[in-house]
Amino acid sequence: MSELSSIKYYSDAINLKDPEALEARLQQMLQQEIKSVADLEEWLEGERKLREEIEEAMYGHQIDFYCDTTNAVMRDIFLHDQTAVQPMLMKYLAEFDKKLLDSSFHEQLDDKKYGLMLKVRRTKAELFREENIPLTVREQELVTKYNEIMGGLSIEWDGETKPYSFVEGRLDSPDQVIRERAWRALAAARLRVKPQMDELMNELVSLRHKMAVNAGFDNYRDYMFTMKNREYSIQDCYDFHDSVEKHVIPAWDRLAGIMQTSLGIASYRPWDKGPCLMQGAPFQTVSELMDGVDQMLGMTDPYFQERFRHMRGNGLLDLEVRQGKAPGGFLEFLPATQNAFIFCNFSPSFFALIALIHEMGHAVNAYLQYESGEGIQEHQLRAEVAELYSHGLELLLLDKLHIFYTDDKECRNAQREELSRAFTMLIGPVAGDLFQHWLYTNPDHTPEERDQKYLELEKRFTYHPVDITGLETEVATRWTAVTHYFGYPFYNIEYSMSMVGALQLLQIYRKDPARATSLYKQGAGADPNQSIADIYRDTGIEFDFTERCLMKTSEFVMGLINELQ
């Protein structure tokens, strides 16, 4: 799994294989008497610890499965959690919410400490429907199937069978012939499984629509906005989409022109869109990757390096490319042991380097929260906050890319590519957000209509400056490789909003690196019960995605890119 694969990296303190014993623990918690505010706070603390034990075991089993989707034992354990444990847990958590809110003492709880938790749990209690439990179980089965399909996807490459993620790394090649061959091979692999992906998405959209209707909503989009307790409106999102199109897309077009000139090509094609100006991958082995990132973190802040070394030494990193490994990258919290696990499945490439730094930003955020004494609770996990510190760490390490790119020109190209990524993180998630708005407000759409809508949005945003002549089908079906659409619905626009904040932090860093790093740590460890705007202010920036801010942000990024010419 990792350099120290024999290490047991998560706690199995609770036996999820024994449903009777688990239910007895849950029932005991439900029946506990509450006769005072002090009793209620003690009950909340006990409930939190029980949840953490259960969640850590379930997260560990999920990671085990994602690390090897071909392992039948791990798959069965994971599916047992989803089909036997999760329904029971959902039922009892709803009962816990009811017990809390029915207690007259909850109104006497300190609003600063418990206000956000109470708000979130009121929402959950209002939206809970027992008939949605089997729908949620089925939803997770479909997501599991998606990961199995993508984890098993392979491509013949130079006479060998390679994982999908290995061929993705070839998109970085400075050789246009290799890039085009990789792009077409990836598209062909996706098309092979397209009928299965259509079946999965058809059923997911239908299931999610039923959940929303059961809870009294017209559609799943409106249901999710309420469920997520978003601190902005649907109209705010639409306004943001428009602002990105108005101010970021023109800058994206100018950047594409710079890239096209640098590459010396007559037409800017999809396989030219990636980091192909660098001469090869920045590392060859996982050890080289970790050694270099260790050095970059140490040059930025000793705490960052210490946490990375802790994770590396305790089996909390799995960064290798393997057949059967689920796609993508993520960080998973292990709340009982107050640890975090980074999973990445990217072959040696610029993106693999940035992905590890990105996930390490989540890890630093997690460890600083653990050290605050509050732990990390579900109601505190807002993506607009979490992604600020992952994007933020990428940009704090922008000036250390010379660790991997020792040639000055190569380093400037790498820095320019990271700034280009900032543009893509403003643009791509907006297109993905609009795609999901359409998916779930038009739940009876056909697969053909879905592909057409995706193509329309890609041409309008991500591929705006790109010539996709003759490749419309390949682009239209690219949504099948986006994990978020399957497993994390409506987790998209947060990437764009938080990137705007991270770029504000970069502006501070350019003037005073020590101050920016200190603000980063201050915000990452700040009280998570505050509003998103307050947490951003603790980081020295504003939670602002207005048209004025987008215009200034685009000008700032283009100015940096011009400096690197």
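# Exercises: cores, cysteines and a hairpin

C549 is buried, with a relative accessible area of 8%; buried means under 20% relative accessible area, exposed over 50% and partly exposed in between, using a 1.4 Å probe and protein chains only. Before going on, note that this is a predicted model, where local features need pLDDT of at least 70, side-chain atom pairs count only at pLDDT 80 or more, and totals for chains, interfaces and linings use all residues. Residues are numbered from 1 along each chain as its sequence is written, and side-chain values use heavy atoms, leaving out hydrogens and water.

**Exercise 1.** Find out how many disulfides the structure holds, and check C549 and C344.

*Solution.*
- Start with the rule: a disulfide is a pair of cysteine sulfur atoms within 2.5 Å.
- The count for the structure is 0.
- Take C344: its nearest cysteine sulfur belongs to C67 and is 11 Å away, and C344 is in no disulfide.
- C344 counts as buried, because its relative accessibility is 4%.
- Now C549: the sulfur of C237 is the nearest cysteine sulfur, 15 Å away, and C549 is in no disulfide.

**Exercise 2.** Work out which residues have the most contacts inside the largest nonpolar core.

*Solution.*
- A nonpolar core is a set of buried Ala, Val, Leu, Ile, Met, Phe, Trp, Tyr and Cys residues joined through side-chain atoms within 4.5 Å.
- The largest one has 164 residues, and I342 and F423 have the most contacts inside it.
- Helix α15, residues 408-441, gives the most to this core: 15 residues. Helices (H or I, at least four residues) and strands (E, at least two) are DSSP runs, numbered from the N terminus.
- Apart from this core lies another, of 26 residues, including I34 and L50.
- Zoom in on I342: leaving out residues up to four places away in sequence, the residues it touches (heavy atoms within 4.5 Å) include M311, F330 and M360.

**Exercise 3.** Sort the residues of strand β1 by face, then describe how β1 pairs with β2.

*Solution.*
- In a regular strand the side chains alternate between the two faces of the sheet.
- In β1, residues 154-157, I155 and W157 are on the covered face, while S154 and E156 are on the uncovered one.
- β1 runs antiparallel to β2, residues 160-163, and 4 bridges join them; strands pair if DSSP finds at least two bridges between them.
- One bridge partner to look up: I155 goes with K162 in β2.
- The two strands form a hairpin with 2 residues between them, and D158 in the turn has a positive phi of about 50°.
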